[in-house]
Amino acid sequence: MRVLFTTWASGAHLVPMVPLARALLEAGHQVRVAVPSACAAAVARAGLVPVQICALPMAVVRAPDPARRPRGVWPTDWPVRPAALTPEQHGVLRACGDRQVRIAEAMAQGLVAFARCWQPEVVVHDASAYAGTVAAGALGVPAVGQLWGSAAVLRLDRQRLEGPPLPGYARLMRRYGADPSREPDLWLDPCPPSLALPSRARRLPVRFLPQGGSPPGSPGATRPLGLPNSLDEAPSPYGARRAGPYLGRRAAASNGRRGPGGPRRSGPVRVCAAWDDAGGPPDAVRVALCAAEARGVEVVRVGSAAEGRPPAGPLHRVLPGCRALLHQGGGASVLAAAMAGVPQLVVAPRLEHQLNGARLARAGAGMYLPADALDGTRRGAGAAGARLALDLFALLEQPSYVAAAHVLRREALAMPGPDKAVRAVTRLAGPAV
(Lines give C-alpha, C1' and ligand atoms only; values in the text may rest on other atoms or scores of the structure.)
Protein backbone atom coordinates (compact mmCIF):
# COMPACT_ATOMS: atom_id res chain seq x y z
CA MET A 1 0.00 0.00 0.00
CA ARG A 2 1.19 3.51 -0.82
CA VAL A 3 0.47 6.14 1.87
CA LEU A 4 1.06 9.81 1.23
CA PHE A 5 1.66 12.04 4.27
CA THR A 6 1.56 15.82 4.11
CA THR A 7 1.98 18.78 6.41
CA TRP A 8 2.78 22.45 5.91
CA ALA A 9 5.09 22.87 8.94
CA SER A 10 7.71 20.84 10.75
CA GLY A 11 8.06 20.66 14.52
CA ALA A 12 4.81 19.98 16.36
CA HIS A 13 2.94 19.37 13.09
CA LEU A 14 5.34 16.73 11.80
CA VAL A 15 6.31 14.92 15.03
CA PRO A 16 2.93 13.21 15.68
CA MET A 17 2.94 11.79 12.13
CA VAL A 18 6.36 10.15 12.32
CA PRO A 19 5.47 7.07 14.45
CA LEU A 20 2.64 6.08 12.09
CA ALA A 21 4.82 6.62 9.03
CA ARG A 22 7.57 4.44 10.51
CA ALA A 23 5.10 1.77 11.58
CA LEU A 24 3.72 1.65 8.04
CA LEU A 25 7.23 1.24 6.64
CA GLU A 26 7.96 -1.58 9.10
CA ALA A 27 4.73 -3.28 7.98
CA GLY A 28 5.99 -3.27 4.39
CA HIS A 29 4.05 -0.29 3.00
CA GLN A 30 5.44 2.57 0.93
CA VAL A 31 5.49 6.06 2.45
CA ARG A 32 6.20 9.52 1.05
CA VAL A 33 5.92 12.84 2.91
CA ALA A 34 4.93 15.79 0.68
CA VAL A 35 5.91 19.11 2.25
CA PRO A 36 6.95 22.66 1.42
CA SER A 37 10.68 22.99 0.79
CA ALA A 38 11.38 24.46 4.25
CA CYS A 39 10.16 21.22 5.89
CA ALA A 40 12.08 18.74 3.73
CA ALA A 41 15.18 18.58 5.93
CA ALA A 42 13.11 17.80 9.05
CA VAL A 43 11.37 14.95 7.21
CA ALA A 44 14.73 13.51 6.10
CA ARG A 45 16.09 13.74 9.66
CA ALA A 46 13.11 11.67 10.79
CA GLY A 47 14.25 8.90 8.42
CA LEU A 48 11.43 9.44 5.91
CA VAL A 49 11.42 10.32 2.21
CA PRO A 50 10.45 13.97 1.61
CA VAL A 51 8.82 15.24 -1.58
CA GLN A 52 9.11 19.00 -2.04
CA ILE A 53 5.89 20.33 -3.53
CA CYS A 54 6.15 24.12 -3.12
CA ALA A 55 7.72 27.02 -1.26
CA LEU A 56 5.52 28.86 1.22
CA PRO A 57 6.09 32.64 1.31
CA MET A 58 6.32 34.11 4.81
CA ALA A 59 3.36 36.35 4.03
CA VAL A 60 1.21 33.24 3.61
CA VAL A 61 2.49 31.44 6.72
CA ARG A 62 2.34 34.39 9.13
CA ALA A 63 -0.57 34.09 11.53
CA PRO A 64 -3.02 37.01 11.60
CA ASP A 65 -2.33 39.49 14.39
CA PRO A 66 -5.63 38.88 16.25
CA ALA A 67 -4.83 35.14 16.40
CA ARG A 68 -1.35 35.68 17.83
CA ARG A 69 -2.64 37.71 20.78
CA PRO A 70 -6.41 37.25 21.06
CA ARG A 71 -8.21 39.79 23.23
CA GLY A 72 -11.07 39.38 25.62
CA VAL A 73 -12.44 36.39 27.51
CA TRP A 74 -13.12 33.22 25.53
CA PRO A 75 -15.21 30.31 26.88
CA THR A 76 -12.90 27.54 28.03
CA ASP A 77 -14.78 25.10 25.76
CA TRP A 78 -15.32 27.46 22.83
CA PRO A 79 -14.70 24.85 20.05
CA VAL A 80 -17.86 22.98 21.08
CA ARG A 81 -19.92 26.09 21.88
CA PRO A 82 -19.58 28.36 18.85
CA ALA A 83 -22.93 29.99 19.63
CA ALA A 84 -21.37 31.44 22.80
CA LEU A 85 -18.76 33.39 20.81
CA THR A 86 -19.10 37.07 19.94
CA PRO A 87 -18.99 38.35 16.34
CA GLU A 88 -15.46 39.66 17.02
CA GLN A 89 -14.34 36.23 18.21
CA HIS A 90 -15.83 34.55 15.17
CA GLY A 91 -13.89 37.10 13.12
CA VAL A 92 -10.64 35.91 14.72
CA LEU A 93 -11.48 32.30 13.89
CA ARG A 94 -12.39 33.27 10.33
CA ALA A 95 -9.01 35.00 9.92
CA CYS A 96 -7.28 31.82 11.16
CA GLY A 97 -9.29 29.64 8.77
CA ASP A 98 -8.64 31.92 5.80
CA ARG A 99 -4.91 31.73 6.54
CA GLN A 100 -5.00 27.91 6.44
CA VAL A 101 -6.93 28.06 3.17
CA ARG A 102 -4.20 30.29 1.68
CA ILE A 103 -1.59 27.73 2.77
CA ALA A 104 -3.67 24.95 1.17
CA GLU A 105 -3.92 26.94 -2.06
CA ALA A 106 -0.13 27.31 -2.15
CA MET A 107 0.35 23.56 -1.61
CA ALA A 108 -2.48 22.08 -3.64
CA GLN A 109 -1.08 22.22 -7.16
CA GLY A 110 2.18 20.46 -6.32
CA LEU A 111 0.54 18.04 -3.90
CA VAL A 112 -2.22 16.97 -6.29
CA ALA A 113 0.25 16.65 -9.18
CA PHE A 114 2.49 14.33 -7.18
CA ALA A 115 -0.48 12.37 -5.83
CA ARG A 116 -1.84 11.78 -9.34
CA CYS A 117 1.59 10.54 -10.40
CA TRP A 118 2.33 8.34 -7.37
CA GLN A 119 -1.27 7.13 -6.85
CA PRO A 120 -1.45 6.62 -3.06
CA GLU A 121 -4.27 4.53 -1.59
CA VAL A 122 -4.56 6.82 1.48
CA VAL A 123 -3.61 10.44 2.28
CA VAL A 124 -2.64 11.28 5.88
CA HIS A 125 -2.45 14.99 6.65
CA ASP A 126 -1.98 17.09 9.75
CA ALA A 127 -5.16 18.65 11.04
CA SER A 128 -4.44 22.10 9.61
CA ALA A 129 -3.09 20.96 6.22
CA TYR A 130 -6.33 21.25 4.27
CA ALA A 131 -4.51 20.51 1.01
CA GLY A 132 -4.38 16.87 2.15
CA THR A 133 -8.16 16.59 2.05
CA VAL A 134 -8.12 18.32 -1.34
CA ALA A 135 -5.66 15.73 -2.72
CA ALA A 136 -7.62 12.82 -1.27
CA GLY A 137 -10.81 14.19 -2.80
CA ALA A 138 -9.14 14.72 -6.16
CA LEU A 139 -8.00 11.08 -6.23
CA GLY A 140 -11.09 9.61 -4.58
CA VAL A 141 -9.10 7.92 -1.79
CA PRO A 142 -9.58 8.02 2.01
CA ALA A 143 -8.22 10.97 3.99
CA VAL A 144 -6.90 10.63 7.55
CA GLY A 145 -6.41 13.71 9.72
CA GLN A 146 -3.57 13.66 12.26
CA LEU A 147 -4.19 15.79 15.34
CA TRP A 148 -1.13 17.07 17.20
CA GLY A 149 -2.31 17.48 20.78
CA SER A 150 -5.16 19.95 20.61
CA ALA A 151 -7.97 19.39 23.10
CA ALA A 152 -10.48 19.69 20.22
CA VAL A 153 -10.96 18.79 16.58
CA LEU A 154 -10.78 22.38 15.35
CA ARG A 155 -12.83 22.92 12.20
CA LEU A 156 -11.48 26.30 11.14
CA ASP A 157 -12.25 25.31 7.54
CA ARG A 158 -15.95 25.71 8.43
CA GLN A 159 -17.94 28.89 8.78
CA ARG A 160 -18.59 29.51 12.48
CA LEU A 161 -16.87 26.15 13.19
CA GLU A 162 -19.86 23.95 12.31
CA GLY A 163 -21.37 25.51 9.20
CA PRO A 164 -20.59 25.06 5.49
CA PRO A 165 -17.00 25.21 4.22
CA LEU A 166 -15.30 28.60 3.98
CA PRO A 167 -15.86 30.05 0.48
CA GLY A 168 -12.17 29.92 -0.42
CA TYR A 169 -11.90 26.31 0.69
CA ALA A 170 -15.01 25.31 -1.26
CA ARG A 171 -13.58 26.93 -4.41
CA LEU A 172 -10.28 25.10 -3.91
CA MET A 173 -12.00 21.73 -3.56
CA ARG A 174 -14.09 22.29 -6.69
CA ARG A 175 -11.00 23.36 -8.64
CA TYR A 176 -9.60 19.85 -8.26
CA GLY A 177 -12.87 18.02 -8.75
CA ALA A 178 -13.44 17.30 -5.05
CA ASP A 179 -16.66 17.61 -3.08
CA PRO A 180 -16.45 20.73 -0.83
CA SER A 181 -18.34 18.88 1.91
CA ARG A 182 -15.69 16.13 1.97
CA GLU A 183 -14.18 15.56 5.42
CA PRO A 184 -11.43 13.23 6.70
CA ASP A 185 -12.65 9.65 7.08
CA LEU A 186 -10.76 9.29 10.38
CA TRP A 187 -8.91 11.48 12.88
CA LEU A 188 -5.91 10.14 14.79
CA ASP A 189 -5.96 11.76 18.23
CA PRO A 190 -3.02 11.66 20.69
CA CYS A 191 -4.83 13.78 23.31
CA PRO A 192 -5.48 11.93 26.60
CA PRO A 193 -9.23 11.44 27.18
CA SER A 194 -9.47 13.69 30.24
CA LEU A 195 -8.13 16.65 28.21
CA ALA A 196 -10.15 16.07 25.03
CA LEU A 197 -13.36 17.90 24.23
CA PRO A 198 -16.26 15.90 22.71
CA SER A 199 -16.63 15.78 18.94
CA ARG A 200 -18.87 14.13 16.36
CA ALA A 201 -15.80 13.31 14.29
CA ARG A 202 -14.61 9.71 14.09
CA ARG A 203 -11.49 9.67 16.28
CA LEU A 204 -8.99 6.90 16.98
CA PRO A 205 -6.88 7.40 20.14
CA VAL A 206 -3.18 6.93 19.39
CA ARG A 207 -0.46 7.23 22.03
CA PHE A 208 1.91 10.17 21.61
CA LEU A 209 5.50 9.12 20.93
CA PRO A 210 7.87 12.12 21.25
CA GLN A 211 10.40 12.44 18.43
CA GLY A 212 8.97 9.25 16.95
CA GLY A 213 10.42 7.12 19.76
CA SER A 214 8.92 5.17 22.62
CA PRO A 215 7.80 7.20 25.63
CA PRO A 216 9.70 6.86 28.90
CA GLY A 217 8.37 3.98 30.95
CA SER A 218 6.32 2.43 28.15
CA PRO A 219 6.69 -1.20 27.08
CA GLY A 220 9.55 -1.56 24.64
CA ALA A 221 10.95 1.88 25.43
CA THR A 222 14.57 2.26 24.43
CA ARG A 223 17.09 5.06 24.71
CA PRO A 224 19.89 5.98 22.32
CA LEU A 225 23.41 5.21 23.49
CA GLY A 226 24.85 7.93 25.65
CA LEU A 227 21.53 9.55 26.56
CA PRO A 228 20.28 9.38 30.16
CA ASN A 229 16.77 8.35 31.14
CA SER A 230 16.54 11.45 33.32
CA LEU A 231 18.60 14.42 34.38
CA ASP A 232 19.41 12.63 37.64
CA GLU A 233 21.73 10.37 35.61
CA ALA A 234 23.33 13.24 33.71
CA PRO A 235 25.78 16.05 34.44
CA SER A 236 24.26 19.47 35.07
CA PRO A 237 22.88 20.51 31.65
CA TYR A 238 24.01 23.62 29.85
CA GLY A 239 21.48 26.37 30.26
CA ALA A 240 20.64 25.28 33.81
CA ARG A 241 21.70 27.32 36.80
CA ARG A 242 22.41 25.47 40.02
CA ALA A 243 21.44 27.51 43.05
CA GLY A 244 21.30 24.90 45.80
CA PRO A 245 18.25 23.18 47.28
CA TYR A 246 14.77 24.62 46.89
CA LEU A 247 13.85 26.64 49.96
CA GLY A 248 10.07 26.64 49.62
CA ARG A 249 7.66 25.64 52.37
CA ARG A 250 7.95 21.96 51.40
CA ALA A 251 11.59 22.15 50.42
CA ALA A 252 12.67 19.59 53.00
CA ALA A 253 11.86 16.95 50.39
CA SER A 254 14.56 18.34 48.10
CA ASN A 255 17.54 18.22 50.47
CA GLY A 256 17.36 14.66 51.71
CA ARG A 257 14.80 15.13 54.51
CA ARG A 258 11.22 13.95 54.54
CA GLY A 259 8.78 16.60 53.35
CA PRO A 260 5.31 16.96 54.88
CA GLY A 261 3.26 13.99 53.72
CA GLY A 262 5.86 12.99 51.15
CA PRO A 263 8.57 10.37 50.65
CA ARG A 264 12.26 10.94 51.23
CA ARG A 265 13.89 12.72 48.29
CA SER A 266 17.37 13.88 47.41
CA GLY A 267 18.97 16.30 44.99
CA PRO A 268 17.86 19.70 43.72
CA VAL A 269 14.33 20.54 42.65
CA ARG A 270 14.30 21.09 38.90
CA VAL A 271 11.71 22.78 36.73
CA CYS A 272 11.81 23.09 32.96
CA ALA A 273 11.08 26.24 30.97
CA ALA A 274 10.34 25.58 27.28
CA TRP A 275 9.46 28.23 24.74
CA ASP A 276 8.79 27.98 21.00
CA ASP A 277 8.68 31.62 19.89
CA ALA A 278 11.95 32.92 18.48
CA GLY A 279 11.76 36.00 20.70
CA GLY A 280 11.79 33.91 23.85
CA PRO A 281 9.44 34.10 26.82
CA PRO A 282 7.77 37.33 28.01
CA ASP A 283 9.54 39.46 30.62
CA ALA A 284 7.13 38.25 33.32
CA VAL A 285 8.15 34.65 32.67
CA ARG A 286 11.83 35.60 32.92
CA VAL A 287 11.11 37.32 36.25
CA ALA A 288 9.32 34.20 37.54
CA LEU A 289 12.24 31.98 36.56
CA CYS A 290 14.72 34.28 38.29
CA ALA A 291 12.52 34.24 41.41
CA ALA A 292 12.51 30.44 41.32
CA GLU A 293 16.30 30.35 41.01
CA ALA A 294 16.60 32.76 43.92
CA ARG A 295 14.62 30.25 46.00
CA GLY A 296 17.03 27.45 45.08
CA VAL A 297 15.13 25.86 42.18
CA GLU A 298 17.25 24.63 39.30
CA VAL A 299 15.77 25.92 36.03
CA VAL A 300 16.41 23.84 32.91
CA ARG A 301 15.82 25.81 29.71
CA VAL A 302 14.71 24.33 26.38
CA GLY A 303 14.11 26.12 23.06
CA SER A 304 14.24 29.90 23.01
CA ALA A 305 13.87 29.92 26.81
CA ALA A 306 17.59 29.05 26.84
CA GLU A 307 18.15 32.72 25.93
CA GLY A 308 21.36 32.34 23.98
CA ARG A 309 22.75 29.41 25.98
CA PRO A 310 22.87 25.83 24.68
CA PRO A 311 19.51 24.21 25.47
CA ALA A 312 19.37 21.33 27.93
CA GLY A 313 18.20 18.86 25.27
CA PRO A 314 14.99 17.50 23.74
CA LEU A 315 12.03 18.24 25.98
CA HIS A 316 10.95 14.62 26.40
CA ARG A 317 14.48 13.73 27.60
CA VAL A 318 14.60 16.58 30.10
CA LEU A 319 11.16 16.26 31.69
CA PRO A 320 11.60 12.98 33.64
CA GLY A 321 14.09 14.79 35.89
CA CYS A 322 11.83 17.81 36.48
CA ARG A 323 9.02 18.60 38.89
CA ALA A 324 7.14 21.13 36.72
CA LEU A 325 7.05 22.54 33.19
CA LEU A 326 6.51 26.24 32.40
CA HIS A 327 5.60 26.71 28.74
CA GLN A 328 3.19 28.21 26.18
CA GLY A 329 0.73 25.34 25.93
CA GLY A 330 1.65 23.89 22.54
CA GLY A 331 0.27 20.41 21.89
CA ALA A 332 3.62 18.61 21.70
CA SER A 333 4.79 20.13 24.99
CA VAL A 334 1.49 19.34 26.73
CA LEU A 335 1.69 15.71 25.61
CA ALA A 336 5.38 15.31 26.48
CA ALA A 337 4.69 16.55 30.02
CA ALA A 338 1.63 14.32 30.26
CA MET A 339 3.73 11.30 29.31
CA ALA A 340 6.27 12.27 31.99
CA GLY A 341 3.63 12.89 34.67
CA VAL A 342 4.83 16.46 35.22
CA PRO A 343 2.51 19.31 36.37
CA GLN A 344 2.34 22.23 33.94
CA LEU A 345 2.13 26.02 34.19
CA VAL A 346 0.92 27.43 30.88
CA VAL A 347 1.31 31.08 29.87
CA ALA A 348 -0.75 30.93 26.69
CA PRO A 349 -0.40 33.48 23.87
CA ARG A 350 -2.71 31.84 21.31
CA LEU A 351 -6.21 30.45 21.32
CA GLU A 352 -5.23 26.81 21.07
CA HIS A 353 -2.61 27.29 23.79
CA GLN A 354 -5.28 28.83 26.02
CA LEU A 355 -7.60 25.93 25.28
CA ASN A 356 -4.95 23.40 26.25
CA GLY A 357 -4.10 25.33 29.41
CA ALA A 358 -7.74 25.51 30.45
CA ARG A 359 -8.18 21.76 29.97
CA LEU A 360 -5.06 21.04 32.03
CA ALA A 361 -6.35 23.27 34.82
CA ARG A 362 -9.74 21.54 34.67
CA ALA A 363 -8.02 18.15 35.01
CA GLY A 364 -6.08 19.46 38.02
CA ALA A 365 -2.72 18.75 36.36
CA GLY A 366 -1.65 22.37 36.05
CA MET A 367 -2.51 26.07 35.92
CA TYR A 368 -2.78 28.51 33.07
CA LEU A 369 -2.84 32.21 32.35
CA PRO A 370 -3.53 33.93 28.99
CA ALA A 371 -0.40 35.81 27.98
CA ASP A 372 -2.59 38.80 27.19
CA ALA A 373 -3.26 39.14 30.93
CA LEU A 374 0.40 39.98 31.57
CA ASP A 375 1.34 43.63 31.93
CA GLY A 376 3.88 44.50 29.25
CA THR A 377 5.47 47.40 31.16
CA ARG A 378 8.68 46.91 33.12
CA ARG A 379 7.01 47.51 36.48
CA GLY A 380 4.02 45.38 35.48
CA ALA A 381 6.29 42.55 34.35
CA GLY A 382 7.86 42.45 37.79
CA ALA A 383 4.51 42.13 39.56
CA ALA A 384 3.17 39.60 37.04
CA GLY A 385 6.38 37.57 37.31
CA ALA A 386 6.06 37.46 41.09
CA ARG A 387 2.52 36.09 40.74
CA LEU A 388 3.69 33.50 38.20
CA ALA A 389 6.44 32.43 40.59
CA LEU A 390 3.81 31.84 43.29
CA ASP A 391 1.86 29.65 40.85
CA LEU A 392 5.03 27.72 40.05
CA PHE A 393 5.77 27.19 43.75
CA ALA A 394 2.19 25.96 44.23
CA LEU A 395 2.79 23.27 41.57
CA LEU A 396 5.90 22.19 43.46
CA GLU A 397 4.32 22.25 46.91
CA GLN A 398 0.75 20.97 46.52
CA PRO A 399 0.54 17.18 46.07
CA SER A 400 -2.78 17.37 44.21
CA TYR A 401 -1.07 18.65 41.05
CA VAL A 402 1.41 15.77 41.02
CA ALA A 403 -1.37 13.25 41.65
CA ALA A 404 -3.45 14.64 38.76
CA ALA A 405 -0.38 14.68 36.47
CA HIS A 406 0.24 11.01 37.29
CA VAL A 407 -3.37 10.18 36.42
CA LEU A 408 -2.84 11.95 33.09
CA ARG A 409 0.34 9.94 32.52
CA ARG A 410 -1.47 6.64 33.11
CA GLU A 411 -4.16 7.70 30.64
CA ALA A 412 -1.57 8.63 28.02
CA LEU A 413 0.39 5.40 28.41
CA ALA A 414 -2.79 3.32 28.16
CA MET A 415 -3.64 4.70 24.71
CA PRO A 416 -3.03 2.35 21.74
CA GLY A 417 0.26 2.56 19.89
CA PRO A 418 0.77 3.24 16.18
CA ASP A 419 0.25 -0.43 15.24
CA LYS A 420 -3.48 -0.01 15.81
CA ALA A 421 -3.46 3.08 13.59
CA VAL A 422 -1.72 1.04 10.87
CA ARG A 423 -4.56 -1.48 10.94
CA ALA A 424 -7.18 1.28 10.83
CA VAL A 425 -5.51 3.01 7.88
CA THR A 426 -5.16 -0.31 6.05
CA ARG A 427 -8.85 -1.07 6.54
CA LEU A 428 -9.77 2.35 5.10
CA ALA A 429 -7.86 1.54 1.93
CA GLY A 430 -9.99 -1.56 1.32
CA PRO A 431 -9.72 -5.33 1.70
CA ALA A 432 -7.53 -5.71 -1.39
CA VAL A 433 -4.65 -3.77 0.22
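Trainee: Which residue in S12 stands opposite Gln344?

Mentor: This is a predicted model. Strand S11 covers residues 344-348, and 5 bridges join it to S12, the two running parallel. In S12, the residue opposite Gln344 is Gly366.

Trainee: In what order do the 5 strands of that open sheet stand?

Mentor: The pairing in this sheet is parallel. Strand S9 (298-303) and strand S12 (366-370) are the edge strands, and each pairs on one side only. Put the 5 strands in a row and the order is S9-S8-S10-S11-S12.

Trainee: What does the twist average from one strand to the next there?

Mentor: Take the open sheet that has S9 and S12 at its edges. Going from one strand to the next, the twist averages 15 degrees.

Trainee: How many residues of strand S8 are buried?

Mentor: Buried means under 20% relative accessible area. Arg270, Cys272 and Ala274 point one way from S8 and are buried. Val271, Ala273 and Trp275 point the other way and are buried too. S8 spans residues 270-275 and is mostly covered, with a buried count of 6 of 6.

Trainee: Which residue in S9 stands opposite Val271?

Mentor: S8 and S9 run parallel, joined by 6 bridges. Val271 is one of the buried S8 residues. Its opposite number in S9 is Val299.

Trainee: Which strands stand at the edges of the 7-stranded open sheet, S3-S2-S1-S4-S5-S6-S7?

Mentor: This sheet also has parallel pairing. An edge strand here has a single partner strand, so one of its sides is left without a neighbour in the sheet. The two that fit are strand S3 (50-54) and strand S7 (203-205).

Trainee: And what does the twist average from one strand to the next in that sheet?

Mentor: Stay with the open sheet of 7 strands. From one strand to the next, its twist averages 25 degrees.

Trainee: Which residue in S5 stands opposite His125?

Mentor: Strand S4 holds residues 122-126 and strand S5 holds residues 143-146. They run parallel, with 4 bridges between them. Opposite His125 in S5 is Gly145.

Trainee: How much space lies in the second largest cavity, the one lined by His125?

Mentor: Other residues line it as well, including Tyr130, Asp157 and Trp187. By class, the lining has 6 nonpolar, 2 polar and 2 charged residues. The space in this cavity is about 50 Å³.

Trainee: Which elements give two or more residues to the lining of the largest cavity?

Mentor: The structure holds 3 cavities of 30 Å³ or more. The largest has about 100 Å³ of space. Two or more lining residues come from each of helix H1 (18-26) and helix H14 (418-429).

Trainee: Which residues of its lining lie nearest the centre of the largest cavity?

Mentor: The lining has 13 residues. By class, they are 11 nonpolar, 1 polar and 1 charged. Nearest the centre lie Pro16, Pro19, Gln146, Val206 and Arg207.

Trainee: Is Cys96 buried or exposed?

Mentor: The cut-off for buried is under 20% relative accessible area. Cys96 has 14% relative accessibility, so it counts as buried.

Trainee: What is the relative accessible area of Cys191?

Mentor: Apply the cut-off of under 20% again. Cys191 is buried because its relative accessible area is 5%.

Trainee: How many disulfides does a search of the whole structure find?

Mentor: A disulfide needs two cysteine sulfur atoms within 2.5 Å. Across the whole structure, the search finds a total of 0.

Note on methods. Residues are numbered from 1 along each chain as its sequence is written. This is a predicted model: local features need pLDDT of at least 70, side-chain atom pairs count only at pLDDT 80 or more; totals for chains, interfaces and linings use all residues. Side-chain values use heavy atoms; hydrogens and water are left out. On a 1 Å grid over the protein atoms alone, a cavity is a set of points where a 1.4 Å probe fits but cannot get out, and a pocket is an open set with protein on both sides within 12 Å along at least five of seven lines; lining residues have an atom within 4 Å of a point. Grid points are joined across faces, edges and corners, and a volume is the space filled by probe spheres set on the points. Ala, Val, Leu, Ile, Met, Phe, Trp, Tyr, Cys and Pro count as nonpolar, Asp, Glu, Lys and Arg as charged, and the others, Gly among them, as polar. Buried means under 20% relative accessible area, exposed over 50%, partly exposed in between (1.4 Å probe, protein chains only). Two strands pair if DSSP finds at least two bridges between them. Axes are lines fitted to C-alpha atoms, for helices over the stretch in contact, and angles run from 0 to 180 degrees between N-to-C directions.
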